[in-house]
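The following report describes cysteines, charged pairs and selected local features of one model. Please consult the sequence and the structure alongside the text.

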Amino acid sequence: MRIRHLTALTAFTLLATGAAQAQATKALDQQAEAMMKASFRDQGIATVDRLKQDPAQKACSAAKPPSAAVMKKIEAQQLATIKWPSDGQYLGDWKEGEKLAQNGRGMTWTDASAAPSKNGGSCYNCHQIDKKEISFGNIGPSLWNYGKLRGVADPADPMSAAMVKYTWGKLWNSKAYAACSNMPRFGHAELLTEQQIRDLMALLLDPKSPVNQ
């Protein structure tokens, strides 16, 4: 009887401790959120609504990484948000795409406009784009020979369709393929226009692009 009593008491203590820890964590989260709101203000085009997280962002910035099941659910939800080219044309002008890839402007309080067309892609911040570059980020993989290495000799060839579509989807909403991806969701977050994404697509996949030389 005594052992049974101690077991029940231990279980009760663990439950009470867990509940107290959960309440403490919630209180700390609320304090942190209040501090964030108090520490930022609207300035120029940069507004505090950027602090709001969607479910995918919340899950990926939690103390513990989301489970495999949660990640799969996030990816399915994000995949459903991808908007494919309105006219069926995936590629634009690689020359314009190269300008976008090298352009790091946009979304700061000193920028005059929040219009996506005024933003750059900042691709070089995370990727190597050209072998001749001496400065580039390495958070993401190298994009050198992106299309060539993936067998895209002709983007219009039906054999290339899967890779072309994947690349568009990755640029539009990277979380559709990796739930906690650090890559900007260019289309989903309205950071770039559809035409700008076409131009980046051309930079990556057009055989004439310097990326694929």
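## Cysteines

The sulfur of C123 is too far from any other cysteine sulfur for a bond, since the closest one, in C126, is 8.7 Å away. A disulfide here is a pair of cysteine sulfur atoms within 2.5 Å. The model is predicted: local features need pLDDT of at least 70 and side-chain atom pairs count only at pLDDT 80 or more, while totals for chains, interfaces and linings use all residues. Residues are numbered from 1 along each chain as its sequence is written, and side-chain values use heavy atoms, with hydrogens and water left out.

C123 is buried at a relative accessible area of 12%, whereas C126 is partly exposed at 25%. These classes are set by relative accessible area: buried is under 20%, exposed is over 50%, and partly exposed lies in between (1.4 Å probe, protein chains only).

A search of the whole structure finds 1 disulfide. The bond joins C60 and C180, with the sulfur atoms 2.0 Å apart. An angle of -85° about the S-S bond makes the link of C60 and C180 left-handed. C60 belongs to helix α2 and C180 to the loop between α6 (161-172) and α7, so the pair ties together parts that are 120 residues apart in sequence. Helices (H or I, at least four residues) and strands (E, at least two) are DSSP runs, numbered from the N terminus. C60 is partly exposed, with a relative accessible area of 26%, and C180 is also partly exposed, at 29%.

## Salt bridges

The whole structure contains 6 salt bridges according to the search. The criterion is a side-chain nitrogen of Lys or Arg within 4 Å of a carboxyl oxygen of Asp or Glu. Three of the pairs are listed below.

| Pair | Closest N to O distance |
|---|---|
| R198 and D87 | 2.7 Å |
| K99 and E96 | 3.3 Å |
| D130 and K132 | 3.0 Å |

The side chains of R198 and D87 meet in a salt bridge. This pair links distant parts of the chain, with R198 in helix α7 and D87 in the loop between α3 (68-79) and α4, 111 residues apart. R198 is buried at 6% relative accessibility, while D87 is partly exposed at 46%. D87, E194 and R198 are linked in a network of salt bridges.

K99 and E96 both lie in helix α4, 3 residues apart, or about one turn of the helix. K99 is exposed, with 55% relative accessibility, and E96 is partly exposed, with 33%. In the pair of D130 and K132, D130 is buried at a relative accessible area of 9%, but K132 is exposed at 68%.

## D199 in helix α7

Which side chain of opposite charge is nearest to D199? That side chain is R198, 7.5 Å away, and D199 is buried yet has no salt bridge. For this assignment Lys and Arg count as positive and Asp and Glu as negative; His and the chain ends are not counted. D199 is placed in helix α7, which spans residues 194-205. Beyond residues up to four places away in sequence, D199 touches G92, D93, W94, E96, G97 and L100. Contact means heavy atoms within 4.5 Å.

## Loop residues

Most residues other than glycine have a negative phi. N145 has a positive phi near 60° and is not a glycine. N145 lies in the loop between α4 (94-102) and α5 (146-149) and is buried, with a relative accessible area of 13%. E190, likewise not a glycine, has a positive phi of about 55°. E190 is found in the loop between α6 and α7 and is exposed, at 58% relative accessibility.

T193 also lies in the loop between α6 and α7, and its 26% relative accessibility makes it partly exposed. Leaving aside neighbours within four places in sequence, T193 is in contact with P116 and S117. T193 and M35 are 158 residues apart in sequence and 34 Å apart in space, C-alpha to C-alpha.

## A nonpolar surface patch

M36, F40, V48 and L51 form a nonpolar patch on the surface, with about 320 Å² of accessible area together. Patches are made of residues with over 30% relative accessible area and no salt bridge; like charges are joined within 9 Å, and nonpolar side chains (Val, Leu, Ile, Met, Phe, Trp, Tyr) within 5 Å. Accessible areas come from the Shrake-Rupley method with a 1.4 Å probe, and for residues only the protein chains shown count as cover. V48 is located in the loop between α1 (2-39) and α2 (55-60) and is partly exposed, with a relative accessible area of 32%.
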